Amino acid sequence: MRPVDVGPPTDEAAPKRVRITARTLRAGLTSLLAALLVGSLAPAAHSAARPEQPTAAPATAAGQSWPGNKPNKAGGKDYYIDATQGHDDAAGTSPGSAWRSLAKASATTFGPGDRILLKAGEQWQDEQLWPKGSGSAGKPVTISAYGDKRAGRPYIATNGNVPSPFKADGTKNPETVGLTGAIVLRNQQYWNINNVELSNDDDFATDITKGSYVRDGIMVSINADLMKADDDTIMDHFRISDIYVHDLDGPSNWQKIHYGAVDFQVFGSKSYKDYATGGHYFKDVRIENNTFDNVELHAVQFAFNWFAADGADAGQYDEAGKYHEGWEQLWVRTRDLYSRDVYIGHNYAKSIGQGAFQLADTQRMTVEYNEVNGFLERYDAVSCGLYLWAGADSTMQYNEVYGGPHNEYDGTPWDLEYTNFNVTYQYNYSHDNAAGWMAYMGNSSNSVARYNLSVNDNGVLVKNMLSTNYSPTYFTNNTFVYDGADLDYVHDETFLSRVYFLNNIFYNTSKTTETPWYRRTGALRQAVFSHNDYYEAGAEHSTQEPADPDGLRTDPKFVGDPADHVTGAGVDHIRKAAAHFSLRKDSPLIDAGRYNAHMGSSDFLGTRLYYGDAPDIGIAERKAGKRVAHPVDDDPIEEEADNRADLALGKPVSASSTHPGANGSLGAEKLTDGDLTTRWAAADDAAYPITLDIDLGTDTTFDQVYLDEYTDSGTNPRVQSFDLQRWDAATGAWVTFASRDTGIGHDLTVTGFDSVTTTKLRVALTGQIATEQYTPSLTAVSLHRTGG
């Protein structure tokens, strides 16, 4: 999916390069566990094989008992379920009078403080648990374990026995969406779920590659269509911890419903415009200390799933005139639908079919100390290891991701996704990901990636940029260690708006191939590089290497050998991996950086910034010299962009044609506002020549004219030919002083004419590229005088 311009996009997508690894086959099956029939009313047990686990089921802490063996401090009732010795006609309120089936619990409405306790070591085959009711503040309903502390977690093996979320015609069914988990909660709140084992696949040895199947471990949903007018639409307080989810399978084609080990989704069958603003979100969620193995699509998923959010009617222009397709979900922000106050931490995810932690539509989210061991292993589609999109005011930190595949699109461990506002990636460690380091989409504001460590992410370090951003993006104090012979590029597309690279280390281990910086001419046109270190093991530097007057080209002198980077230590020891790339006391990178507020307040190792005369380059600040307690940015990097005086800045502009769309935000005044993220566009029926007249007010002398077209993932350059004309007051006519028939594109500075003095400038667009259907859109017209 791609954002569109005023008209639909005409660019064709580039071909994908995807490596799909086969599903991990099971070595064998354990012996059959024959369940005893107890009581005339007890249902027959399903005799099924439990899969041999590729990862040993995580145990509770040594010596600890199950939570259900301890008193209920919330003041509710305890209900016990025993798959072998229980009776559904029993009271269920003690271990000796336990129920037997999950169906009994699913038919019961629980109240504040109640606990549903599953007996450790027991299995429930072909069953789903959907208890009804909600808890209250301070008194959540709990699903947990009781029994012998030496026994394993109670195991719910739903085996795919969940309702389909689709109708016969393939459309989503509002009644059954969200009912696809081994454990289900719908329009319910104040729940704790812990110390259970879950799976939801009917054939552990065979990968599903077609058909319509949606299967979750825990599925928590808000179904807006089933809520009454006076219902609470904000679902509050969820705690999911110490669970083990494995073997969830679904087809390897996109079904427009996400599924995973832990899944939070908001469903609605109509357009988002048909629902009230505010509400319809989750609040106060913690997902921590869980293990996920061999699951589709995701380990953890947060998302909206309005059924009518993808069509043309679902898209919208924002107040700045930027267009967002419906699936970008700007409407989550404008209608205050964000889930909020979410913590996802200390989880381990292995062998994930698509993106491991795919998070969206959330505000004030912290995602930390999660480990991803393999993602996009079976699913042939774009995604990343751990990322947030359409989110706000959130931080991803101290996470480790490795084992990602090669992928032409996305496929990276991290992603600065569409429509993020104030999202920071810091103190993360990624290594051995074939697609690269960071995907970077656009239509976002205040994106920051700082103090991250990347080793052998030998694809594209900063991949894509498909739309302009509201504000600059900052990549500061990251350390990149890569093999230049295996690296695709530092950047593969074209930065469309300002990006700052500050105090980073680019360390190329190849002795034969210098760093390949880009594949498209002008790719780094909007990038400003300052005080970075560019180390080439082969001593030769690429002619593509960006200009960086205060940068270094030297060995950073890491404490450890880059060839022996730390793996296998786990996220609890992630700083051990980072310390390997701290600087020796004789490093030339100490005090060689430059302060900027976007660096934050601490380095990867927790050292407060900064010591000495200036910050260090890279992920670790060495405590050398006196600490600067309150650093001030007295030399802003933001002033290092094109600082030539723009003689057209702020001058009035009139256009012969202006597009009426985008809420009137495409006017010609955007050409001289000094902001490359705004633009003018001609109407679809504009006749050539299309003229843009700048009134300079007084005689103005210039010898350079700067022009820039607007592009995004669905909009190409469109101008083939143009004339530059001055107003001749004596004759009352326009006089052409320069013409081009080779297009404009990005960052075209027209020179080669004598100095021009005039009170007005006209840019006359005289011809369109033959293969383009829609009329031009420009972001800027600037005038400069050499040396002026």
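Which residues have the most contacts inside the largest nonpolar core? In this predicted model, that core has 108 residues, and the ones with the most contacts inside it are F264, F282, F302, W306, I344 and F506. The largest share of the core comes from strand β17, which spans residues 298-306 and supplies 5 residues. In soluble globular proteins, nonpolar side chains tend to be buried together.

The surroundings of F302 can be followed residue by residue. Leaving aside residues up to four places away in sequence, F302 touches F264, F282, V285 and I287, and also S339, V342 and I344, while its list of contacts is completed by Q358, L359, A360, T362 and M365. Apart from the core of 108 residues lies another core, this one of 30 residues, among them V481, A592, F604 and I619.

A second position worth tracing is H280, which is found in the loop that runs between β14 (260-268) and β15 (281-288). Is H280 buried or exposed? With a relative accessible area of 7%, H280 falls under the 20% limit and is therefore buried. Again not counting residues up to four places away in sequence, H280 touches I222, A224, M227 and T233, together with V266, Y275, F304 and L337.

Further along the chain, the reader comes to two open sheets. One of them consists of 5 strands in the order β42-β44-β49-β46-β47, with antiparallel pairing. Its edge strands are β42 (653-655) and β47 (733-740), each of which pairs on one side only. On average, and with direction ignored, neighbouring strands of this sheet are turned by 25 degrees against each other. Strand β46, covering residues 719-728, pairs with β47 in the antiparallel sense over 7 bridges, and the bridge partner of L724 in β47 is A738.

The other open sheet has 4 strands, arranged in the order β43-β50-β45-β48, and here too the pairing is antiparallel. At its edges stand β43 (680-681) and β48 (748-750), each pairing on one side only. Between them in the strand order, β50 and β45 follow one another; strand β45 (residues 704-709) and strand β50 (residues 777-784) are paired in the antiparallel sense over 6 bridges. Which residue of β50 stands opposite D708? That place in β50 is taken by A780.

Methods:
Residues are numbered from 1 along each chain as its sequence is written. This is a predicted model: local features need pLDDT of at least 70, side-chain atom pairs count only at pLDDT 80 or more; totals for chains, interfaces and linings use all residues. Side-chain values use heavy atoms; hydrogens and water are left out. Two strands pair if DSSP finds at least two bridges between them. Helices (H or I, at least four residues) and strands (E, at least two) are DSSP runs, numbered from the N terminus. Buried means under 20% relative accessible area, exposed over 50%, partly exposed in between (1.4 Å probe, protein chains only). Contact means heavy atoms within 4.5 Å. A nonpolar core is a set of buried Ala, Val, Leu, Ile, Met, Phe, Trp, Tyr and Cys residues joined through side-chain atoms within 4.5 Å. Axes are lines fitted to C-alpha atoms, for helices over the stretch in contact, and angles run from 0 to 180 degrees between N-to-C directions.
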